[in-house]
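Dear colleague,

Please find below the structure that I am handing over to you. My findings follow directly after it, and I would be grateful if you would read them alongside the coordinates.

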Amino acid sequence: MNVLWLPSWYPSNYFPVYGCFIQKQAAAVCQYDTKIRIAVLYVLRTAVETLETEVIEKGNLLEIKVFYPEKASFFGIKKIAYGWYYWRAYQKGMSILKQFDFKPTLLHLHVVYSASLYALWLKIRTGLPLFISEHWSGYEQGEYQKISFLHQKIFQYCFQKAAASICISNKMNDNLHKNGLSAKQMIIIPNVVDTNLFNPNLNQAKRNTRKIKFIHVSDLFNKIKNTQGILRGIQKLVEINQNFSFEMVGDSQDRSLLEQMVNDLNLKPFVFFKGLLSTIEVAERMRQADVFVLFSNYEGLPCVILEALAAGLPVIATETGGIHEWITPETGILIKIGDENALLEAMQTMMTQHLNYNKNILRQQIVDKASYQAVGKALTDVYKTAFI
């Protein structure tokens, strides 16, 4: 079985963590069933002068990335130039597929916009089964209603043509239905976690006299992750209890603003920026932490929450996207979006009660539902339905 993945988001040298959860799902399928070949064809408009390609083959996973210029115009009309390069980029990728003797038997579109046009064209031209995985949180936030009428029709046509749509949460599934988007089958498969890498430090509970370590992992974008709200919560916590530290892992253009805010609020003794770390380094930082914090304004299903649970960390998170399906009183504390007082109360609670959470119980649900084995099997089973 040869499955061609057409993601709208995917990691690259230009954006190393963009769509990393999609890449992990591809790896999960390839590890689960070595008879399945996956080719990822990813096209991105970015800071290049002409078409550039990057090809990586690892066992039964082939990644083809084609980059085209973001500064292009056709007699001053950018959209025409973008469309021309978009088509050329995909055609370039398909020519590379032929060099690897890869002939697709299935199509899998990840995130409808913007790979959908080429996915639809292939579906219509070849008649191959098309599956859709959606991760965009814009369905919940009303962003879908803001896109053009034409784009909405393309979205609707994609789902109509799909053999099945795969959602990362029941909430995402509900949001698709509310926006009139439905396929023949609607299947729930969460993001994937490397449970061999993300595992608990079971000796940590014995060191209950040290400072409590909170950790946050994201791209630090304030608009989405509300990182400034986290810092204001920390400022309030400092006035009550100073027996803690808070690590901010990640990097973006907002980091300098956050560092200045830490300086202005006199939080340097408590808040530590670790920058962009490798997955291995993130797993180690989580093993050394006590509580994971995510104060997002909106999400789909963030991998970092699943990784934190796999590492045995109780989680403080906002009630957005599919988070509530994983964060319960047994696994952490769920709070309202933007409620900084609730964030303060949750951190206070965790400072005294984090040891009450059983690390093995926190981890087990991830092993059962979101491990490479579980997700690889789930996606493989979906693919097999195309031939029944």
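**Findings: helix α1 and its surroundings**

The buried residues of helix α1 are Phe-21, Ile-22, Lys-24, Gln-25, Ala-26, Ala-27, Ala-28, Val-29 and Cys-30. Please note that the model is a predicted one. The buried residues of α1 pack against four strands and two helices, namely β1 (2-7), β2 (37-46), β4 (61-69), β5 (106-110), α11 (303-310) and α14 (372-384). The length of α1 is also as expected: its 13 residues, 20-32, should span 18 Å at 1.5 Å a residue, and the end C-alpha atoms are 18 Å apart, which agrees.

Turning to the sheet, eight strands form an open sheet with mixed pairing, in the order β3-β4-β2-β1-β5-β6-β7-β8. Its edge strands are β3 (52-58) and β8 (186-188), each of which pairs on one side only. From one strand to the next, the twist averages 20 degrees. Within this sheet, β1 and β2 run parallel and are joined by four bridges; in one of the pairs, Asn-2 has Arg-37 of β2 as its bridge partner.

Helix α1 lies across β1, β2, β4 and β5, and runs at about 175 degrees to β1. Helix α3 (residues 112-126) also packs on the sheet, where it touches β1, β5 and β6 (130-134). The direction of α3 makes about 165 degrees with that of β5.

The cysteines may be of interest to you. The structure holds zero disulfides. Cys-20 is in no disulfide, because a disulfide requires sulfur atoms within 2.5 Å and the nearest cysteine sulfur, that of Cys-303, is 5.7 Å away. Cys-30 is likewise in no disulfide; the nearest cysteine sulfur, that of Cys-20, is 17 Å away. As to accessibility, Cys-20 is partly exposed, with a relative accessible area of 22%, whereas Cys-30 is buried, with a relative accessible area of 5%.

Finally, some remarks on the chain as a whole. The chain contains 14 helices and 14 strands. For 388 residues, a compact globule would have a radius of gyration near 21 Å, and the chain has 22 Å, which agrees. Taken along the principal axes, the C-alpha atoms fill a box of roughly 65 × 50 × 40 Å. Buried residues account for 56% of the 388 residues. Of the contacts between residues at least 6 apart in sequence, 68% join residues at least 24 apart.

With kind regards

How values were computed: Residues are numbered from 1 along each chain as its sequence is written. This is a predicted model: local features need pLDDT of at least 70, side-chain atom pairs count only at pLDDT 80 or more; totals for chains, interfaces and linings use all residues. Side-chain values use heavy atoms; hydrogens and water are left out. The expected span of a helix is 1.5 Å times one less than its number of residues. Buried means under 20% relative accessible area, exposed over 50%, partly exposed in between (1.4 Å probe, protein chains only). Contact means heavy atoms within 4.5 Å. Two strands pair if DSSP finds at least two bridges between them. Axes are lines fitted to C-alpha atoms, for helices over the stretch in contact, and angles run from 0 to 180 degrees between N-to-C directions. The radius of gyration is taken over C-alpha atoms; the globule rule is 2.2 Å times the number of residues to the power 0.38.
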